[in-house]
Amino acid sequence: MRVFKGLLWAVAALLVALLAAFAWGRLRPPTPEQGRALALLHKDQKPTAGRNANPWLWFMGFDIPADRVDAAYEQQRRRTAAWAESYKLGSGSATPPEIQADFPKLPSMSSRERDLLCRPRDADCLGKVRAHGGEILALLARHEKLRGRDEALSDFDYIWGDIPGWPFMSIPPFATGMGLWHTSIAVDFVDGKQAQAMDAACSQVATMRRLHAHANSLVATMVFAARLRGSVRLFSELLSELPADASLPVSCAGAFAPVTAEDVDMCPSMQAESAIVASPELFGRPEHWYENWNWSGSQTQRLLAADYGAMCEPDLAQRLLADEHVEMMRHPPRVDLFDFISNSTGTIISRIPVPSFDAYLARQQDTAATLRMGALLIWMRDTPRDGTSPSERLAQRPAWMRFAEDRHVALSTDGRSLTMGVLDIAGQGISPWPTTWALPAGR
């Protein structure tokens, strides 16, 4: 009997010790390093003024009046929130509700039609328009409403999603109208409407730059980085054929203003990414609190905070603006017995290396470099020659238009273009970004 009682006391003591360790693991404060990273990741960076393009992007493919979009988005948000609240792993549909609206859908583009449109990485959009003029004009006529909806992005200031957090959530259909506005600008230029096309080209650059710089989604940031780079590419094409005595529209000055930290900042995107690991839906929302006894989203986020928070450090933006090579250090989380007891699943997840952020940062730098190149082309065009050669004028450019040495920015051997390499080598893929930039006419 005494032995039995002794075992009971031992088991009870063990349970008390485990409960105490569990409670301490869940309730203890973060370390100073984690606290700083969490403060950066929880800082509210949503713009306080302007219009949010997120609802518009969700309903890009619907023939819906502008003044009804916000209401349709709110209904969609509520449907998705109700679905996320009731979702439980292993039961019900794992697919979020489809986009619904009480308005007809606009005709979608076929793969053939998308191939006809100019893409961000195209080196010769004007050539494509000249080669397929009739087909492209017919395409633009068929999708006039969709093109208008893409052009209407110029009325917005940022992209801030507030659909309930969900690790596998669908994203706005970014590609719905992509390429229509871009291609229509080239069509206008080829048709002789050069002033109109130049103004639209600079408006497109300014729009893509604004939305790219103010987005809280990694996907949106990368999509609009590509669209921004493509917009500058198109502008440079038009500029190379614009008569030397033609003046540029006022809109170009704002579009190619000096790059700022906002043009390279990825903190809002990383805030959203880090929130995913703390999402209660990651393993299915439990019915009872005890069903996820081995998982704590907040603890897991704390363990990963150093890596994600490093993307929000103020000095990072300055390094990116300086166009220097940036390689993010890894911060393997230090876990102990209390972490294993109170958050075993999260501890395992924290041991999996976070995605490499270096490629994303290099892409941001390439985007900023593209803006610098557009500004440099304007500067080369507007700067009096005064007997100087293009190479001499290139050396005299303003300091903010300078690039990293490993970009190898230089005049081509024939003196008719500039060359500029990219830092995001991995992102070149099978469809690389062009590295040659034609000089403006007469320069």
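This report describes the overall make-up of a predicted protein model, two helix pairs, two further helix environments and several loop residues.

The model is predicted, so local features are taken at pLDDT of at least 70 and side-chain atom pairs at pLDDT 80 or more, while totals for chains, interfaces and linings use all residues. Residues are numbered from 1 along each chain as its sequence is written, and side-chain values use heavy atoms, with hydrogens and water left out.

**Overall make-up**

The protein contains 19 helices and three strands; these are DSSP runs numbered from the N terminus, helices being H or I over at least four residues and strands being E over at least two. Its C-alpha trace spans about 105 × 55 × 40 Å along the principal axes. Of its 443 residues, 47% count as buried, where buried means under 20% relative accessible area, exposed over 50%, and partly exposed in between, with a 1.4 Å probe and protein chains only. Among contacts (heavy atoms within 4.5 Å) with a separation of 6 or more, 78% are between residues 24 or more positions apart.

**Helix α9 and its surroundings**

Helix α9 covers residues 180-190 and helix α10 residues 194-213; the two pack at an angle of about 160 degrees, with axes 8 Å apart. Axes are lines fitted to C-alpha atoms, for helices over the stretch in contact, and angles run from 0 to 180 degrees between N-to-C directions. The angle makes α9 roughly antiparallel to α10; angles under 35 degrees count as roughly parallel, over 145 as roughly antiparallel, 65 to 115 as roughly perpendicular and the rest as oblique. The crossing of α9 past α10 is left-handed, a term for a near helix turned anticlockwise from the far one by less than a right angle, with right-handed meaning clockwise.

On the α9 side, the contact is formed by W181, H182, I185, D188 and F189; the α10 residues are Q194, Q196, A197, M198, A200, A201, S203, Q204, T207 and M208. By class, this contact has eight nonpolar, six polar and one charged residues. Nonpolar covers Ala, Val, Leu, Ile, Met, Phe, Trp, Tyr, Cys and Pro, charged covers Asp, Glu, Lys and Arg, and the others, Gly among them, are polar.

Helix α9 is largely enclosed by the rest of the structure, because 10 of its 11 residues are buried. The buried residues are L180, W181, H182, T183, S184, I185, A186, V187, D188 and F189. Their cover includes α6 (125-131), α7 (133-142), α8 (144-151), α10 and α11 (218-241). Just after α9, G192 takes a positive phi of about 95 degrees.

**Helices α14, α17 and α13**

The axes of α14 (residues 297-309) and α17 (residues 344-351) come within 9 Å and cross at roughly 20 degrees. This makes α14 roughly parallel to α17, and their crossing is right-handed. T300, L303 and L304 of α14 meet G346, T347, I349 and S350 of α17. That contact has three nonpolar, four polar and no charged residues.

Helix α14 also belongs to the surroundings of α13, whose buried residues are covered by elements including α2 (32-41), α11 and α14. In α13 (residues 267-276), C267, P268, S269, M270, Q271 and S274 are buried.

**Loop residues**

The table places four loop residues and gives their accessibility.

| Residue | Loop | Relative accessible area |
|---|---|---|
| R407 | between α19 (390-395) and β1 (410-411) | 1%, buried |
| H408 | between α19 and β1 | 59%, exposed |
| D323 | between α15 (314-321) and α16 (337-342) | 1%, buried |
| S247 | between α11 and α12 (251-255) | 66%, exposed |

The side chain of R407 makes a polar contact with the side chain of D366 at 2.8 Å. A polar contact is a pair of N or O atoms within 3.5 Å; within protein, one must be able to donate a hydrogen and the other to accept it, and residues adjacent in sequence count only if both atoms are side-chain atoms. Not counting residues up to four places away in sequence, R407 touches D323, Q365, D366, A369, M420, G421, V422 and L423.

Most residues other than glycine have a negative phi. D323, which is not a glycine, has a positive phi near 60 degrees. H408 likewise is not a glycine and has a positive phi of about 55 degrees.

S247 and A441 are 194 residues apart in sequence, with a C-alpha to C-alpha distance of 12 Å.
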